[in-house]
Amino acid sequence: MQRDIPIRATFYCVALATAAVATAVVLAARGPLPAIAPVLILGALFALAENQVVDLPSGAGASASFMLGMTAIVVFSDQGALLGPLLVGMCGGFYWPHIRAREWRKPLFNSANFGLSTLVSAIVFNALAPAGAHTPGQLLLLAVPATCAFAVVNLALLTVSLKLWTDEWPATWRSFGGALLQMYPFALMGVFLGALYLDYGAVVVPLLVVPILVARQTFASYLAIKESQEAAVRTLIGALEAKDPYTAGHAERVAGYAEYIGTELGMSPSRLERLRFAALMHDVGKLVVPNHLLNKKGKLTAEEFAQVRMHEDVSVEILTRIDFLAPVAPSATSEAAEFAPVADDRGQPIEPHIVAVADAFDAMTSTRSYRRALPQETAFDELRKNSGKQFHPRVVDALIIAIEQRHELHGRGHEDIVHHVDAPEAGTGSAGLGDLLREIENGSEQAAGR
């Protein structure tokens, strides 16, 4: 949410905060009231955990705050005081950077979101919890539905907020499974620390602080690893750009189209990230291909094509030597991208097919040394014509749908930069599709994009 946030989103934040406060008033009137000491202690720790949040590359934040919510649920469960978890959760709105920046809508939304999510989680926990003391096994099982309840309410409220702000439905639910996996360990710690709090009181507070700090350090270490991986990729892309600016720009565009397709196909964030790496690196082997072959205006000879084709082996060799890129190495080969219609392809990796379609689309919609860019509709028609033969049908449909939904235009007249300004209007490879080796063998006048 920014300062120019739409009025409907501002109204939503105020209305949600009002609902949370009204719920607190109703719960206070109906009783029982929670003990003030654990509300203050756990609420302060919840706010501390939120102020230790680490921003992940996906845009989401990671913290140990849910652990405190689960602790509060267990601590107040014996009293049946639902007001306690609500108040503790609402303390999550006290995020200092937002307060310092006077972004008052964010604290309102976060306070209501965390409070109501924790309240619903407590209701589910209490409804399923057996009377009396909870055994470790029971706590282990109860943490599952309580975590799910929190995640569902939290994501639902966040999704509506983002919709009101951007006027588009965000893909928040696609990360639901990942969010549960991230939250569940904290839920387990929270329920067991809550049980310890009931037995020993505030003396266990240091045990509550340690996981908050450890979690932040763990997430920060994770980000450091991700940054080093990104640096490695940027170094390789930089080498490509130094050799041929067009090749580097092509890799970035292919990665963007691949992400469009992966998102449309419902891929998880982690799988999307691997797909992006695969797309960025699919042409890294071109570092060893002479520029005069990459930029040749005429048709490649069989010998020249064989030399260009060597870049696939080099790409695989480079990628397999880098641990985090090794899983995407097969995507750099044309064999892995070949589509062979079968009765059931659900067990086959689809990433190579995604890179192949994204690569072909960019080859057609960008100006190459051997011909000018084709109009977008021509590229779509070529993809549809080869769908089910050369290209995976679901992948072709996903790319076209994704681009049309975004109202984007690519191809002739819509290129950001034209590297080959003297390229002929049409020529070898005008279709931008097909296996060049097969075309050479068949004597075709077409050639695949280089």
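**Aromatic pairs in a predicted model**

The structure holds six aromatic pairs. This is a predicted model, in which local features need pLDDT of at least 70, side-chain atom pairs count only at pLDDT 80 or more, and totals for chains, interfaces and linings use all residues. Residues are numbered from 1 along each chain as its sequence is written, and side-chain values use heavy atoms, with hydrogens and water left out.

User: Happy to dig in! Why is the pair of F46 and F114 called edge-to-face?

Analyst: Rings of Phe, Tyr and Trp (its six-membered ring) pair if their centres lie within 6.5 Å; planes under 30 degrees apart are stacked, over 60 edge-to-face, and the rest tilted. The centres of F46 and F114 are 5.5 Å apart and the planes stand at 65 degrees, so edge-to-face is the right name. F46 belongs to helix α2 (residues 36–50) and F114 to helix α6 (residues 105–128), so this pair ties together parts 68 residues apart in sequence.

User: And what makes F361 and F380 a stacked pair?

Analyst: Their planes are 20 degrees apart, with 5.6 Å from centre to centre, and that counts as stacked.

User: How do you know whether F361 is buried or exposed?

Analyst: Buried means under 20% relative accessible area, exposed over 50%, and partly exposed in between (1.4 Å probe, protein chains only). F361 has 0% relative accessibility, so F361 counts as buried. F380 is also at 0%, and therefore buried.

User: What sits over the ring of Y260?

Analyst: The charged end of R406, 4.0 Å from the ring centre. The rule asks for NZ of Lys or CZ of Arg within 6 Å of the centre and within 35 degrees of the ring normal. Ring pairs also link Y260 with Y257, F361 and F380 in a cluster.

Methods. Helices (H or I, at least four residues) and strands (E, at least two) are DSSP runs, numbered from the N terminus.
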